[in-house]
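Here is a short briefing to read alongside the structure. Please keep the viewer open, and follow the topics one at a time.

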Number of protein chains: 2
Amino acid sequence: MWQLHQFPLCPFSRKLRLQMGEKSVAYELIRENPWEGNDAFLQLNPAGRTPVLHDPGRRVALCDSQAICEFLEETVERNPLLGGSAVARAEVRRLIALFDENFYTDVTQPLLHERMKKRLFLRQPPDSRVLRDTMRMAHGHLDYIDWLVDTRPWIGGATLSLADLACAAQISVADYLGGIDWKGHEQARGWYAVMKSRPSFRPLLSEKMEGLPPPPHYAKVDS
Amino acid sequence: MWQLHQFPLCPFSRKLRLQMGEKSVAYELIRENPWEGNDAFLQLNPAGRTPVLHDPGRRVALCDSQAICEFLEETVERNPLLGGSAVARAEVRRLIALFDENFYTDVTQPLLHERMKKRLFLRQPPDSRVLRDTMRMAHGHLDYIDWLVDTRPWIGGATLSLADLACAAQISVADYLGGIDWKGHEQARGWYAVMKSRPSFRPLLSEKMEGLPPPPHYAKVDS
Ligand SMILES: N[C@@H](CCC(=O)N[C@@H](CS)C(=O)NCC(=O)O)C(=O)O
Ligand SMILES: N[C@@H](CCC(=O)N[C@@H](CS)C(=O)NCC(=O)O)C(=O)O
């Protein structure tokens with residue numbers, strides 16, 4: 001069986017878990033703290049990053065969430081999440097990069113640093129200026145998500161795709177860390193409520209990072 | 001015809017130019033300074049980043065170099081650069097991410113900031129501590145490239161692939177900016193000499209960033 005090396009608030013691992021949920025791919029979770037740089041994990045992924053999808057039986061270790069997403073789309077036909085014309089697929093991949101790179105760098109990564117790493121590992125208070133900048137950047141991204149959801153049925157186009165999963169994965173971690181304010185973003189909020197209610201989302205909403213409880217609204221499907 | 005929006009030292013645009021060269025796809029260059037955030041460019045790519053591959057006639061604007069690479073592999077059959085089994089393709093994509101993300105963040109991006117942006121746009125001297133760290137990080141990456149080239153015919157496996165192009169694109173920009181010291185990296189150096197001698201590489205080696213000449217060895221195919 002596949003083993004997914006991850007930690008509960010890794011947004012890229014969440015994207016994969018949503019994909020494997022949608023496609024009914026079985027896996028078990030292996031807990032990692034990638035920032036500790038331990039040897040056994042570096043052996044699996046020289047880049048030292050989660051997620052890694054490992055099948056010890058077949059001696060296959062796949063690294064980088066987007067490489068893994070593409071692998072799963074190529075090998076598991078059930079519920080395709082990257083379909084349509086080449087241009088449509090390019091649009092889905094553009095949006096995945098927007099969420100995995102820009103949203104992550106602007107919002108999720110600083111929140112993980114200020115609210116998770118500083119609290120649990122560095123024992124430092126968060127920097128309130130960074131948190132304010134992060135909220136401002138989040139509003140900019142939510143504006144763009146409002147616009148996407150206003151102009152097409154799903155984030156990436158006509159059908160549910162990896163773009164929805166990538167976006168929801170980043171938002172779910174930011175929301176866990178108190179970084180999402182939906183005021184003025186009704187379209188994005190409506191889309192996220194739909195995502196949250198999918199069976200693939202349930203395991204994420206019930207999981208907690210030790211020592212860092214989520215805010216009360218986090219796991220509620222209707223808020 | 002395709003128009004590639006880029007600047008001469010954008011490593012992601014270079015990766016695409018190598019791919020289009022290998023596959024004989026015609027394009028013209030449109031010069032951008034993405035960091036200026038001008039409106040017409042943000043219209044094409046809301047993420048405000050190069051490269052963008054635009055076909056005004058077909059009204060198609062593709063963003064994110066990896067999304068564009070996948071699009072070109074899907075639509076242009078000539079000289080495939082992402083072939084083999086699903087596991088082999090996952091390995092190529094893992095390595096592309098390693099170069100586009102880790103090598104770029106550790107080496108190319110700080111060099112572009114210290115040696116290009118500070119000199120041409122910010123009019124500040126480079127920070128010598130950052131430059132030293134960058135050289136140290138570059139050595140770590142070159143060690144890994146030595147190992148890859150030692151264990152397989154090409155960076156990504158049995159054949160020339162997008163992993164070679166991604167790696168060569170990052171190295172070529174770092175080399176232009178004086179950030180590559182080949183001492184102790186004979187395998188990587190040998191592989192890079194082979195890449196440099198390919199016809200697809202020639203247009204890159206002759207192109208210059210205005211006001212920032214490359215070091216003398218940069219365009220020599222045998223050094
Ligand atoms: N593009 C990579 C990004 C992976 C990534 O950045 N993972 C983070 C955790 S969310 C990590 O492991 N960072 C290592 C560290 O913090 O030292 C992917 O999609 O897999
Ligand atoms: N993952 C993106 C990265 C693109 C990127 O970071 N481009 C840089 C230039 S090398 C950029 O436009 N940065 C915007 C800025 O510097 O403001 C891709 O592969 O296309």
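About 380 Å³ of space lies in the second largest pocket of this predicted model. Its lining is made up of 16 residues, and these divide into 10 nonpolar, 2 polar and 4 charged. The bullets below begin with that pocket and then turn to the two ligands, the loops and one annotation.

**The second largest pocket**

- E91(A), R94(A), R152(A), L44(B) and A61(B) are the lining residues that lie nearest the centre of the second largest pocket.
- From chain A, α4 and α5 (128–151) each give two or more residues to this lining, and from chain B, α2 (39–44) and β4 (60–63) do so.

**Ligand 1**

- Which residues come closest to ligand 1? Of the 15 that surround ligand 1, the closest are R49(A), T50(A), D64(A), S65(A) and E101(B).
- The site of ligand 1 is shared between chains, because residues from both A and B surround the ligand.
- Two nitrogen distances are worth a look: a nitrogen atom of ligand 1 is 3.1 Å from an N or O atom in the side chain of D64(A), and a polar side-chain atom of E101(B) lies 2.6 Å from a nitrogen atom of the ligand.
- On the oxygen side, an oxygen atom of ligand 1 is 2.5 Å from an N or O atom in the side chain of S65(A).
- Ligand 1 taken alone exposes 520 Å², and the protein buries 84% of that area.
- The elements giving two or more residues to the shell around ligand 1 are α1 (11–22) and α4 (86–122), both of chain A.
- By residue class, the shell around ligand 1 holds 8 nonpolar, 3 polar and 4 charged residues.

**Ligand 2**

- Where does ligand 2 lie? Ligand 2 is placed between chains A and B.
- Around ligand 2 there are 15 residues, and E101(A), R49(B), T50(B), D64(B) and S65(B) come nearest.
- A nitrogen atom of ligand 2 is 2.6 Å from an N or O atom in the side chain of E101(A).
- The backbone takes part as well: an N or O atom of the T50(B) backbone lies 2.9 Å from a nitrogen atom of ligand 2.
- The side chain of S65(B) has an N or O atom 2.5 Å from an oxygen atom of ligand 2.
- Ligand 2 exposes 510 Å² when taken alone, of which the protein buries 83%.
- In chain B, α1 (11–22) and α4 (86–122) each supply at least two residues of the shell around ligand 2.
- The shell around ligand 2 divides into 8 nonpolar, 3 polar and 4 charged residues.

**Loops and backbone geometry**

- In chain A, a cis peptide bond joins T50(A) and P51(A), with omega about 5°; P51(A) sits in the loop between α2 (39–44) and β3 (52–55) of that chain.
- In chain B, T50(B) and P51(B) are joined by a cis peptide bond with omega about 0°, and P51(B) is found in the loop between α2 and β3 (52–55) of chain B.
- T50(B) thus links two topics here, as one partner in the cis bond and as one of the residues nearest ligand 2.
- R59(B) is a residue other than glycine with a positive phi, near 55°, and R59(B) lies in the loop between β3 and β4 of chain B.

**Annotation**

- An unreviewed UniProt entry annotates residues 1–80 of chain A as "domain: GST N-terminal".
- Residues 1–80 of chain A are 36% helix and 22% strand, and the end C-alpha atoms of this span lie 21 Å apart.

How values were computed:
Residues numbered from 1 in each chain as written. Chains lettered and ligands numbered in written order. Predicted model: local features only at pLDDT ≥ 70, side-chain atom pairs only at ≥ 80, totals over all residues. Heavy atoms only, no water. Near = heavy atom within 4 Å. Polar contact = N/O pair within 3.5 Å; in protein donor to acceptor, adjacent residues only side chain to side chain. Areas by Shrake-Rupley, 256 points an atom, 1.4 Å probe, with all protein chains shown as cover. Helix = DSSP H or I, 4+ residues; strand = E, 2+ residues; numbered from the N terminus. Nonpolar A, V, L, I, M, F, W, Y, C, P; charged D, E, K, R; others polar. UniProt positions renumbered as here; feature names shortened; annotations may be inferred. 1 Å grid on protein atoms, 1.4 Å probe; cavity = no way out; pocket = protein on both sides within 12 Å on 5 of 7 lines; lining within 4 Å. Points joined across faces, edges and corners; volume = space filled by probe spheres on them.
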